[in-house]
2 protein chains.
Amino acid sequence: MPVVGQPRRERADAARNRSAILHAAERLFAERGISAVSMDSVAAAAGVGKGTLFRRFGDKAGLAVALLDERERELQAAVLSGPPPLGPGAPPGERLHAFASAYVEFVSRHAPLLHVSETGSPGARYRIGSYRLWHRHVAALLADAQPDLDAELAAHAVLAAMSADVVTGLLGELGADRLRAGVQQLVSVYLAGCA
Amino acid sequence: MPVVGQPRRERADAARNRSAILHAAERLFAERGISAVSMDSVAAAAGVGKGTLFRRFGDKAGLAVALLDERERELQAAVLSGPPPLGPGAPPGERLHAFASAYVEFVSRHAPLLHVSETGSPGARYRIGSYRLWHRHVAALLADAQPDLDAELAAHAVLAAMSADVVTGLLGELGADRLRAGVQQLVSVYLAGCA
DNA sequence: AGTTGAAGTGGACTATAGTCCGGTTATGGA
DNA sequence: TCCATAACCGGACTATAGTCCACTTCAACT
């Protein structure tokens with residue numbers, strides 16, 4: 001009887017295919033742009049059938065999430081256990097500003113992938129694990145710095161201002177510096193907390 | 001020679017078809033839910049060919065935008081020339097709070113249509129006329145109430161907190177009241193302006 | 001009313017996402 | 001080593017968005 005909650009180890013062939021798919025997708029997306037790459041071509045480049053691709057990742061959005069997951073781990077590590085001011089050690093206000101800068105940077109860099117990952121069911125962003133992680137992080141810092149605030153709600157607002165849609169939609173119009181300034185102003189105003 | 005910048009009046013047959021398409025789409029979307037309605041069936045129900053449908057509205061997102069446009073006019077009228085506190089006459093802070101409530105309500109009611117209208121090219125929301133209108137409105141009120149603020153940026157943040165994606169993603173988790181409270185808190189904090 | 005050409009029309013066509021299921025293979029136990 | 005079984009594989013299949021272009025119709029101007 002298999003141990004509950006601890007599924008058997010992934011089969012060796014499945015692991016090989018998973019890795020092949022991820023690498024092929026990464027390469028093709030970089031070469032041609034995500035929207036120009038069909039799932040068929042990803043499967044072909046990875047040397048697997050279409051069924052395998054969809055079985056593993058559900059749909060194109062799922063594939064994007066898997067790809068982002070790898071890239072996001074780096075930022076997560078820096079935030080959870082890296083050096084201050086991003087990591088622990090600095091006062092919450094400084095950490096918040098540092099996080100905002102880093103996150104805007106991250107979103108800018110991976111905007112196309114993020115956009116695809118949020119395609120499909122509406123509100124998908126709010127259900128994936130990483131959003132919850134960032135939300136907890138921001139809410140904790142806000143609550144720490146400014147107890148009068150409803151930090152849960154404020155954290156959602158801060159993250160909304162850094163959503164992939166906002167960043168891609170306004171980057172062209174405002175430029176990276178001004179975009180960052182907007183988020184920093186938002187964070188500052190929450191931290192000042194004269195509500 | 002046709003007058004530049006003032007395109008000829010829409011041809012009568014085109015107007016008839018446009019109206020037929022809009023009405024058919026409205027009915028089908030209400031009956032079956034947007035995602036379950038194919039563009040083919042909209043065309044068939046309207047009694048036009050597929051080519052006509054796509055020529056007029058570009059794609060499914062364009063059709064959604066056209067449908068929203070009608071519904072949005074009501075809110076626009078109330079904001080631009082209706083009675084206070086939503087319309088002119090009340091102090092800017094009050095108008096802002098009133099707008100936030102009304103807009104969250106609007107987004108909640110039309111979330112599926114808004115989601116479809118933002119599908120497709122990323123950042124589509126920021127290019128359609130109505131976003132620019134709301135942004136100008138919010139920015140003007142913020143600038144009026146709190147001159148220290150960078151009102152342009154703050155207005156984007158306020159609208160981001162009320163995007164269709166945020167509302168659909170968090171409505172289930174937080175509920176309508178708490179969602180509204182979050183936006184009200186955001187507005188209050190900007191108005192307090194201790195940045 | 002007749003002419004003319006621009007705007008509009010419709011349905012066949014292509015490309016792609018995502019489903020399904022019969023056949024195959026890895027894995028753990030005897 | 002061999003067996004039973006559950007997971008995995010792959011490609012044919014379906015449904016739908018969106019394109020294209022030869023044909024039709026409207027309306028402005030004689």
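Me: Before anything else, when do two residues count as in contact here?
Reply: Two residues are in contact when their C-beta atoms, placed from the backbone, lie within 7 Å. Keep in mind that the model is predicted.

Me: How many residues of chain B are in contact with chain A, then?
Reply: On the chain B side there are 29, in contact with 28 residues of chain A.

Me: Which helices of chain B each supply at least two residues of that side?
Reply: α8 (151–160), α9 (164–174) and α10 (176–192) of chain B do. The largest share, nine residues, comes from α10(B).

Me: And by class?
Reply: The side of chain B that touches chain A has 16 nonpolar, nine polar and four charged residues.

Me: Switching to the DNA. Which residues come nearest to strand C?
Reply: A:G51, A:D59, B:V48, B:G49 and B:G51, out of 24 residues around DNA strand C. By class, the surface near DNA strand C has 12 charged, seven polar and five nonpolar residues.

Me: Which helix gives the most to that surface?
Reply: α3(B), with four residues.

Me: Now α7 of chain B, residues 129–145. What should its length be?
Reply: Its 17 residues should span 24 Å at 1.5 Å a residue, and the end C-alpha atoms are 25 Å apart, so the two agree.

Me: Which of its residues are buried?
Reply: B:W134, B:V138, B:A139, B:L141, B:L142 and B:A145. They lie on the same side of α7(B), because they cover an arc of only 165° around the axis.

Me: What covers them?
Reply: The cover includes α5 (92–109), α8 and α10 of chain B.

Me: And which exposed residues are on the face turned away?
Reply: B:G129, B:R132 and B:R136.

Key. Residues numbered from 1 in each chain as written. Chains lettered and ligands numbered in written order. Predicted model: local features only at pLDDT ≥ 70, side-chain atom pairs only at ≥ 80, totals over all residues. Nonpolar A, V, L, I, M, F, W, Y, C, P; charged D, E, K, R; others polar. Near = placed C-beta within 6 Å. Expected span 1.5 Å × (residues − 1). Buried ≥ 20, exposed ≤ 12 C-beta atoms within 10 Å, placed from the backbone. Arc of directions from axis to C-beta.
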